[in-house]
Amino acid sequence: MGHSGRVQRAQLPHPRTGDLFDSPVPPGAGWPGDPAGPDTPVAKTAPRVRRLAAGADTVAELDARVSVCRACPRLVVWREEVAVVKRKSFADQPYWGRPATGLGAEHPRILIVGLAPAAHGANRTGRVFTGDRSGDFLFAALHRVGLANQEHSVDAADGLRLIDTRMAAAVRCAPPGNAPTPAERATCAPWLDAEWRLVGNSVRVIVALGGFAWRSALDMIGSSQRPAPKFGHGVTATLTGAFGEVTLLGCFHPSQQNTFTGRLTAAMLDDIFVTARRMASGAAGGNEPGRL
């Protein structure tokens, strides 16, 4: 036992690199893609989230601060409990057990906004939308339409690269029952606002995965349009924010509830990203070298 009296659990090997890690993974321990270090400032309150988010000058700095946030006690307890108890099929792996940062290009044309990490997906792998069936469905579509270099996103060291695209969750920690509280949503919102401040100048299309992501995107943009556009699959809204006009495009969330029932099919998801790519290319003014 350690000084706290708690049983010290053995470190486990990362499924790709073989390096040993604790669960949850401490910042700066060498986890693939970990943006933080032992000295990264930690937000433990909502006011501290606002200050650290507003003070981030680069995407890398923002990601580091997001990845160590501890401002929502219920979410911290849950994400770390899941990282210790684990799912039986992943019992031999270390769990990230920390907030999930944004992923992808620093100057994206397309920004994908989701709800929150999954307990045994991003909370395990350390990469948003990675490691569960929703992510499998999403990344396969991105690859089919040319927005990702590979169809699978398995872990944070698998070589995945998004093309002119970035994705982020409105809430950065895995919530119990996939349902963050209104207070948790409000506490986490400044991280997404800061991400928009840092990358929004290049974004032409925002794909909102589900109604909550749609509302979060409207808040992120700072849209004053009234009445506010209503979410729907395939619905578009042209909005004006700090960076000029941007198109918001609605998409059913690729949850198992939607994909297993056929509410969202692979063809429907492909159509959304084909549309997003076409809109982003048109807004870019043609085919730029190395762009959409």
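Which residues in α6 meet which residues in α7? In this predicted model, the α6 side of the contact is made by R185, L192, D193 and W196, and the α7 side by F212, S216, D219, M220 and I221. Sorted by character, the residues of this contact divide into 5 nonpolar, 1 polar and 3 charged.

Two packed helices are described by the angle between their axes and the distance between the axes. For helix α6, which covers residues 182-199, and helix α7, which covers residues 211-221, the axes come within 9 Å and cross at roughly 60°. That angle makes α6 oblique to α7, and the crossing in which α6 passes α7 is right-handed.

The next element to follow is the sheet, which is open, has 6 strands and mixed pairing, and runs in the order β3-β5-β4-β6-β8-β7. Its edge strands are β3 (103-104) and β7, each of which pairs on one side only. At the β3 edge, the pairing with strand β5 (residues 165-169) is antiparallel and extends over 2 bridges, with L103 standing opposite M167 in β5. Helix α5 (residues 133-144) packs on the sheet, where it touches β3, β4 (110-114), β5 and β6, and its direction makes about 165° with that of β5.

Towards the other edge of the sheet lies strand β8, flanked in the strand order by β6 and β7. Strands of a sheet pair through backbone hydrogen bonds, either parallel or antiparallel, and β8 shows both senses: with strand β6 (residues 205-209) it pairs in the parallel sense over 5 bridges, whereas with strand β7 (residues 236-241) it pairs in the antiparallel sense over 6 bridges. On the β6 side, V205 stands opposite T247 in β8; on the β7 side, G241 stands opposite G244 in β8, and a hairpin of 2 residues joins β7 to β8. Of the 8 residues of β8 (residues 244-251), 6 are buried, so this strand is largely enclosed by the rest of the structure.

A last stop is M268, which lies in helix α9 (residues 266-284). Because its relative accessibility is 24%, M268 counts as partly exposed. Leaving aside residues up to four places away in sequence, M268 touches H233, F252 and R263. The C-alpha atom of M268 is also separated by 9.6 Å from that of A141, although these two residues are 127 residues apart along the chain.

Terms used: Residues are numbered from 1 along each chain as its sequence is written. This is a predicted model: local features need pLDDT of at least 70, side-chain atom pairs count only at pLDDT 80 or more; totals for chains, interfaces and linings use all residues. Side-chain values use heavy atoms; hydrogens and water are left out. Axes are lines fitted to C-alpha atoms, for helices over the stretch in contact, and angles run from 0 to 180 degrees between N-to-C directions. Helices (H or I, at least four residues) and strands (E, at least two) are DSSP runs, numbered from the N terminus. Angles under 35 degrees count as roughly parallel, over 145 as roughly antiparallel, 65 to 115 as roughly perpendicular and the rest as oblique. A crossing is left-handed if the near helix is turned anticlockwise from the far one by less than a right angle, and right-handed if clockwise. Contact means heavy atoms within 4.5 Å. Ala, Val, Leu, Ile, Met, Phe, Trp, Tyr, Cys and Pro count as nonpolar, Asp, Glu, Lys and Arg as charged, and the others, Gly among them, as polar. Buried means under 20% relative accessible area, exposed over 50%, partly exposed in between (1.4 Å probe, protein chains only). Two strands pair if DSSP finds at least two bridges between them.
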